[in-house]
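Biologist: Could you pull up the model and its sequence? I'd like to go through the charged pairs with you.

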Amino acid sequence: MNNYYPRIRDMREDHDMTQVQVAAHLGMQQAQYSRYERGHRDTPSDVLIRLAKLYGTSVDYLLGLTQEKKPYPR
């Protein structure tokens, strides 16, 4: 099990989104997205990037490498 799935779930909940909404944004079924949140599948890097953009954060935050939610400056 990966150790960043709680952040993916927490960010979704912080943005008042359902798994169905996030899955639709990512172009996948809810069941597939749910496996990422529960840590049953590793989240591919392209999905992490898209989630970070959706939530206005960094991939490092989603991965638990930083406590800073703000994205890096461009």
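What follows is a short chat about salt bridges in this predicted model.

Biologist: How many salt bridges does the count come to?

Modeller: A pair counts when a side-chain nitrogen of Lys or Arg is within 4 Å of a carboxyl oxygen of Asp or Glu. Among the pairs is Asp10 with Arg9, at 3.2 Å between the closest N and O atoms. By this rule the count comes to three.

Biologist: Which residue forms a salt bridge with Arg12, and is that partner buried or exposed?

Modeller: Arg12 pairs with Glu37, and their closest N and O atoms are 2.5 Å apart. The two sit 25 residues apart, Arg12 in helix H1 and Glu37 in helix H3. Buried means under 20% relative accessible area. With a value of 4%, the partner is Glu37, and Glu37 is buried.

Biologist: How does Arg12 itself count, buried or exposed?

Modeller: The cut-off for buried is under 20%. Arg12 has 10% relative accessibility, so Arg12 counts as buried.

Biologist: What about Arg9 in the pair with Asp10: what is the relative accessible area of Arg9?

Modeller: Asp10 is partly exposed, at 32%. Arg9 is partly exposed too, with a relative accessible area of 30%.

Biologist: How many residues apart in sequence are the parts that Lys69 and Asp14 tie together?

Modeller: Their side chains meet in a salt bridge, 3.6 Å from N to O. Lys69 lies in the segment after helix H5 and Asp14 in helix H1, so the pair ties together parts whose separation in sequence is 55 residues.

Key: Residues numbered from 1 in each chain as written. Predicted model: local features only at pLDDT ≥ 70, side-chain atom pairs only at ≥ 80, totals over all residues. Heavy atoms only, no water. Buried < 20%, exposed > 50% of the residue type's maximum accessible area, 1.4 Å probe, protein only. Helix = DSSP H or I, 4+ residues; strand = E, 2+ residues; numbered from the N terminus.
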